[in-house]
Amino acid sequence: MKRIFAIIISKVIMKLARFLGHNGTNFCGEAAVKIYPDLLEWFSSQVKKGIILVAGTNGKTSVNNMINAILKEAGYSVVCNELGANLDSGIVSAFIGSSDVLGNINADFACLEIDEAVLPKILKFIKPDFIIFTNIFRDQLDRYCEIEMILNKIKTALKDNSGARLIINADDPSLVEMGESVPNLKYYYGMNESMDTTDNHVGADSKNELIKDSIFCRRCGNRLQYERYYYGQLGYYFCRNCGFKRPVPDFCASIEKTPMHLKVSGRDFFRANIFTGFINSYTAYNTLAAVSCAALLDIPTAVIEKGLLGYKPQIGRMEKFFINKPIVFNLVKNPVGFNETLKAIGQDNREKTIAIGINDYVQDGRDVSWLWDTNFEILLDFDDKIIKYIVFGRRRHDMALRLKYAGIQMNKIKLADSPKLAVHYMVSDRSSVAYIFANYSLLFETRSILKRRSKDVSDYHMPSVS
Ligand SMILES: [Zn+2]
């Protein structure tokens, strides 16, 4: 009875929130769990074929939605938190959205992205078949704790979930060490050497790379050596002291140039060619993770390829608008993701305007010191093509200061008191394209301004890091 009450209440809240134009996914899940705490266990026990969790700092929304697209192409019914509400409340909401008032769901698979800090808690209620780990970078450290602490909590939780098979990014030493210390069956995916030939910003000698969160061996504490270095702490690493090194991947991929596609090969003679348009280092990793999971689920190659062709990135992930000029809108939330996005826009040779909105509410992380860990110096490589920098949001002054310290001329930086004004400045200058970045609490407001003013929301999307 309590269960039915919880579901009805949260369904009403969900409808009301949508009617008022809000994205109420977290709130209605929270209400439901308060009334009936075992709701998650109840829902997940009804999933027929498998539960897939996607965790990690960057890329989980993309990977999760790619797997969802593939499973749907294969004809399965799927429960998925596709909008990226990845706290426990968001996951409950995804199930409620697919259930009837009695709490019955009809799902072959559940495909859920989970905030890595919430994963240990979720594992008490859900017994997943697969957990995909994308990467672990520093993210909102004031809200969560250090990487070490998160990884240790995940390790402890996995010891009680030894039936879950792990799909791990072989190029990330922190994840590999975590995997090695738990009994679960593991599969690895990683990029082939040829990745860096397609992107000259990614290379072992990249002088701009300041961030290597995990530069020390997690087994023995010695400094890790990199035979090949991509970004963050990703690459071909090894430890001279204890022999810890990148495992040989079960699935690997390379970016092929003409025509551009991702070539994946793996265990049991698996081969696939993924044509999804523009591919760079981070979309390659996301796609490879999704394809590896699909291959392990025995989905036929042709279905995987077709499913990914139909995949559309979620809102605020390199989303395109048109107001006087093409506008690309992207969520930014941590240094590694921001760096990769800045590198990607450097490949666009048009004269451009860049707008950056930074807030400091709880969901953004109250501490904005991550702006100082972000490598805005990358902008200097193509500053001559940037007409203006517009900064907005509650921490616009911090952002302006950060750009100044990066070496940007102050007369190119304009402060906007609201997102509306920022969009106005952005579309009124003479540049031929504009890029607008915002962190989480500015995402929906900024997007609704863009959507209202946009003449033609193209269905073409560039891939994203998130
Ligand atoms: Zn070592």
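# Helix H9 and its surroundings

Colleague: Where does Thr 283 sit?

Modeller: Thr 283 is placed in helix H9, and please keep in mind that we are looking at a predicted model.

Colleague: Is that residue buried or exposed?

Modeller: Thr 283 is buried, because 26 other C-beta atoms lie within 10 Å and 20 or more are enough for a residue to count as buried.

Colleague: And how far is Thr 283 from Leu 262?

Modeller: The C-alpha atoms of Thr 283 and Leu 262 are separated by 9.6 Å, with the two residues 21 places apart along the chain.

Colleague: Let's talk about the core, then. How many residues are in the largest nonpolar one?

Modeller: The largest nonpolar core has 91 residues, and those with the most contacts inside it are Ala 32, Ile 52, Ile 67, Ile 132, Leu 288, Val 291 and Cys 293. Helix H9, which covers residues 281–296, supplies the largest share of this core, with eleven residues. There is also a second, separate core of 39 residues, which includes Ala 355, Leu 371, Phe 392 and Val 427.

Colleague: Back to Ala 32, what does it touch beyond four places away in sequence?

Modeller: Leaving out residues up to four places away in sequence, Ala 32 touches Ala 6, Ile 7, Ile 9, Ser 10, Leu 39, Val 92 and Ile 96.

Colleague: How do H4 and H9 pack?

Modeller: Helix H4, residues 60–73, packs with H9 at an angle of about 40 degrees, and their axes are 9 Å apart. That angle makes H4 oblique to H9, and the crossing of the two helices is right-handed.

Colleague: Which residues meet there?

Modeller: From H4 come Ser 62, Val 63, Met 66, Ile 67 and Ile 70, and they meet Asn 286, Thr 287, Ala 289, Ala 290, Cys 293 and Ala 294 in H9. Sorted by class, this contact of H4 with H9 has eight nonpolar, three polar and no charged residues.

Colleague: What about H14 and H15, at what angle do they pack?

Modeller: Helix H14, residues 419–428, and helix H15, residues 440–453, pack at about 45 degrees with axes 10 Å apart, which makes H14 oblique to H15. H14 passes H15 in a right-handed crossing.

Colleague: Which residues of H14 and H15 meet, and how many are charged?

Modeller: Pro 419, Lys 420 and Val 423 in H14 meet Leu 442, Glu 445, Thr 446, Ile 449, Leu 450 and Arg 453 in H15. By class, the contact of H14 with H15 has five nonpolar, one polar and three charged residues.

Colleague: Changing topic to the loops, what is the phi of Phe 269?

Modeller: Phe 269 has a positive phi of about 60 degrees although it is not a glycine. Phe 269 lies in the loop between strand E10 (261–266) and strand E11 (270–274), and it counts as exposed because it has 6 C-beta neighbours inside 10 Å.

Colleague: And Asp 298, where is that one?

Modeller: Asp 298 is in the loop between H9 and helix H10 (301–309). Its phi is positive too, at about 65 degrees, although Asp 298 is not a glycine, and with 8 C-beta neighbours inside 10 Å it counts as exposed.

Colleague: Last one, how many helices and strands does the protein chain have?

Modeller: The protein chain has 15 helices and 17 strands, and 49% of its 466 residues count as buried. Among the contacts with a separation of 6 or more, 74% are between residues 24 or more positions apart.

Conventions: Residues numbered from 1 in each chain as written. Predicted model: local features only at pLDDT ≥ 70, side-chain atom pairs only at ≥ 80, totals over all residues. Core = buried A, V, L, I, M, F, W, Y, C linked by C-beta atoms within 7 Å. Buried ≥ 20, exposed ≤ 12 C-beta atoms within 10 Å, placed from the backbone. Helix = DSSP H or I, 4+ residues; strand = E, 2+ residues; numbered from the N terminus. Contact = placed C-beta atoms within 7 Å. Axes fitted to C-alpha atoms, helices over the stretch in contact; angles between N-to-C directions. Parallel < 35°, antiparallel > 145°, perpendicular 65-115°, else oblique. Left-handed = near helix turned anticlockwise from the far one by under 90°. Nonpolar A, V, L, I, M, F, W, Y, C, P; charged D, E, K, R; others polar.
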